[in-house]
Amino acid sequence: MNEELQGKYLEFQLLQQQIQNLQQQLELIQSQLMLLASLNESLKEIKRTKAGTEVLFPLGAGVYAKSSLQDNENIIMNVGAKTAVAKNIKDSCEIIEKQIEDMKKVEKDLTDELGRSLFSGQAFQEELQVMFQEQEKKK
């Protein structure tokens, strides 16, 4: 394989890695969007639930504990740096909806970039095939 073909092939491999990274980032964003949407719906459900109602809350890995909902207006929300504050559900939903909106913008940007990279990758692949065929004819 000549040096020009090797260089193009290396560029193609780097582009493929970039595409894989973009796909992974997109999957993470989509997963985060689903979690935020589920959280937002759960908060709205708490708001609709009467105080004093027995509820199940998740401990993790499919394990739940029974409890009584004491307050259907406020929650404790982590705001970063190991700090949690009391927030009312309406404000919490607004924060989460803003996060969803921001994530959707990131998702769109990643999707656009992935589309451009896939298009470039296809063009690169076609160029490599032509170069390889030309090299084979010279043999």
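Here are a few worked exercises on this predicted model.

**Exercise 1. Find where the confidence is lowest and where it is highest.**

Start with the whole protein: the mean pLDDT is 92, and 99% of the residues score at least 70. Now go element by element. Strand β1 (residues 54-60) sits at the bottom with a mean of 90, while strand β2 (residues 63-68) tops the list at 95.

**Exercise 2. Work out what lines the largest pocket.**

First, the space: the largest pocket holds about 250 Å³. Next, the elements: β1, β2 and β3 (74-80) each give two or more residues to its lining. β1 supplies the largest share, four residues. The lining as a whole includes V55, F57, S67, D71 and I75. Finally, sort by character: you get seven nonpolar residues, four polar and one charged.

**Exercise 3. Check the span of helix α2 against the expected value.**

Helix α2 covers residues 89-138, so that's 50 residues; taking 1.5 Å times one less than the residue count, you'd expect 74 Å. The model gives 72 Å from first C-alpha to last, which is close. While you're at the start of α2, look at N88: one of its side-chain oxygens comes within 3.2 Å of the backbone nitrogen of K90.

**Exercise 4. Classify the aromatic pair and say which parts it ties together.**

The count is one aromatic pair. Its rings belong to F12 and F124, with centres 6.5 Å apart and planes at 40 degrees. Stacked needs under 30 degrees and edge-to-face over 60, so this pair is tilted. Now place the partners: F12 is in helix α1 (residues 3-48) and F124 in helix α2, so the pair links parts 112 residues apart in sequence.

Definitions and conventions:
Residues are numbered from 1 along each chain as its sequence is written. This is a predicted model: local features need pLDDT of at least 70, side-chain atom pairs count only at pLDDT 80 or more; totals for chains, interfaces and linings use all residues. Side-chain values use heavy atoms; hydrogens and water are left out. pLDDT is the predictor's confidence in each residue, from 0 to 100. On a 1 Å grid over the protein atoms alone, a cavity is a set of points where a 1.4 Å probe fits but cannot get out, and a pocket is an open set with protein on both sides within 12 Å along at least five of seven lines; lining residues have an atom within 4 Å of a point. Grid points are joined across faces, edges and corners, and a volume is the space filled by probe spheres set on the points. Ala, Val, Leu, Ile, Met, Phe, Trp, Tyr, Cys and Pro count as nonpolar, Asp, Glu, Lys and Arg as charged, and the others, Gly among them, as polar. A polar contact is a pair of N or O atoms within 3.5 Å; within protein, one must be able to donate a hydrogen and the other to accept it, and residues adjacent in sequence count only if both atoms are side-chain atoms. Rings of Phe, Tyr and Trp (its six-membered ring) pair if their centres lie within 6.5 Å; planes under 30 degrees apart count as stacked, over 60 as edge-to-face and the rest as tilted.
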